[in-house]
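Reader: I'd love a close look at one part of this structure. Could you pick a single strand and walk me through its surroundings?

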Amino acid sequence: MATAGFFSCSECGMFSLDPFSTDSHNDSGVCSKCKLVNCLVEKVDKLELRIRGLIRDRQQGSLLAAPGTPGRASTPSTPALEPPQQGEWVTSRRHTSPPVHHAPPVHVSNRFAPLSEAPAEEPVKGTLVIGDSNVRHVKLATPLGAPAARVICLPGARAPDISGNLRLLANRRYSRVVIHVGANDIRLRQSEVTKANIKEVVKQAQTLSEEVICSGPIPMRRGDEAYSRLSSLNRWMSKWCTDNHVGFIDNWLMFEGKPGLLGRDGVHPTRDGAALLSCSIAHSLLVNPMNI
């Protein structure tokens with residue numbers, strides 16, 4: 001409605017000094033901006049209808065192209081939205097979702113399933129040597145046709161570490177298990193705790209083999225305290241192993257007073273020391289462990 005020379009738009013309510021339409025047959029009282037907006041809204045609605053139709057056709061085509069799909073898949077019809085009348089504001093929301101592909105079911109089977117019902121594996125007729133870094137270069141010769149010995153080196157390992165690794169081998173059986181432990185345990189400065197941990201390692205090793213042998217500590221040149229604690233531990237292991245029917249290898253007597261058997265760090269054996277340790281372990285496997 002126009003008053004006093006001012007013209008008001010029926011859509012947005014804006015005032016203007018000029019009339020909105022010079023066409024006497026189409027004088028709707030709507031400004032040119034509102035007419036442009038209405039025209040754009042109408043075009044957007046038509047595009048949305050076209051997009052929905054294309055998505056529906058693509059879904060139907062994918063269902064027909066899928067292998068093993070009997071017949072023509074039915075697609076729920078989407079009611080067509082009528083374009084709004086000119087002059088009405090419509091909030092349009094685009095609900096575009098990716099096409100759904102209905103693939104045929106896939107049957108999966110495990111061809112190794114019968115193996116899971118097989119009985120436990122056969123006992124391993126070999127020797128297991130497990131210990132700290134002192135057994136790194138230990139090599140055991142085996143007779144022709146006999147299973148090779150297995151050496152597991154755990155640098156910096158203490159008794160609980162070796163016990164944990166033995167638990168991982170719970171499903172295996174060995175003819176003998178040789179344990180070399182003690183050098184790293186004395187750092188705790190708790191003798192009773194170290195003794196309890198060694199007992200636990202031996203107990204865990206007895207679940208893998210009926211014959212368990214403890215390889216005693218090597219005398220280290222790392223100060224009087226370390227030497228004293230290792231010497232005390234060696235004496236205790238010798239007595240405890242004898243009382244509990246566990247084999248024991250006294251490495252103390254073989255390495256004591258022979259500096260050429262230890263490296264510059266005073267802890268790890270040299271090549272000659274590793275060869276001597278290997279011979280000592282090999283000798284313990286040939287005789288009654290209780291006599292070592």
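Author: Happy to; here is a tour of one strand, its partners in the sheet and the helix that follows.

Please keep in mind that this is a predicted model. The strand I have chosen is β5, residues 176-180. Five of its five residues are buried, so the rest of the structure largely encloses β5. Its side chains alternate in direction: Arg176, Val178 and His180 point one way, Val177 and Ile179 point the other way, and all are buried.

Now for the sheet around β5. Five strands make up an open sheet with parallel pairing, and the order is β4-β3-β5-β6-β7. At the edges sit β4 (150-153) and β7 (247-249), each of which pairs on one side only. From one strand to the next, the twist averages 20 degrees.

On one side, β5 pairs with β3 in the parallel sense over five bridges. One of the residues involved is valine 178 in β5, the bridge partner of valine 129. Valine 178 also has a bridge partner in β6, namely isoleucine 213, and the parallel pairing of β5 with β6 runs over four bridges. A step further along the sheet, β3 (residues 127-131) pairs with β4, again in the parallel sense and over four bridges. There, glycine 131 stands opposite cysteine 153 of β4.

Helix α4 packs on this sheet and touches both β5 and β6 (212-215), with a direction at about 160 degrees to that of β5. Another helix, α5 (residues 224-243), packs on the sheet as well, touching β6 and β7, and its direction makes about 150 degrees with that of β7. Taken together, β5, α4 and β6 form a right-handed β-α-β unit.

Let me finish with the loop and the helix that come after the strand. The loop between β5 and α4 (191-205) holds leucine 188. This leucine 188 counts as partly exposed because its relative accessibility is 32%. Between the C-alpha atoms of leucine 188 and arginine 158 there are 10.0 Å, although the two are 30 residues apart along the chain.

Within helix α4 you will find threonine 194, which counts as buried because its relative accessibility is 4%. The side chain of threonine 194 reaches back to the loop side of the unit, to the backbone oxygen of aspartate 185 at 3.4 Å. Setting aside neighbours within four places in sequence, threonine 194 is in contact with Asp185 and Leu233.

Notes:
Residues numbered from 1 in each chain as written. Predicted model: local features only at pLDDT ≥ 70, side-chain atom pairs only at ≥ 80, totals over all residues. Heavy atoms only, no water. Helix = DSSP H or I, 4+ residues; strand = E, 2+ residues; numbered from the N terminus. Buried < 20%, exposed > 50% of the residue type's maximum accessible area, 1.4 Å probe, protein only. Pairing = 2+ DSSP bridges. Axes fitted to C-alpha atoms, helices over the stretch in contact; angles between N-to-C directions. Contact = heavy atoms within 4.5 Å. Polar contact = N/O pair within 3.5 Å; in protein donor to acceptor, adjacent residues only side chain to side chain. Right-handed = clockwise from strand over helix to strand, strands pointing away.
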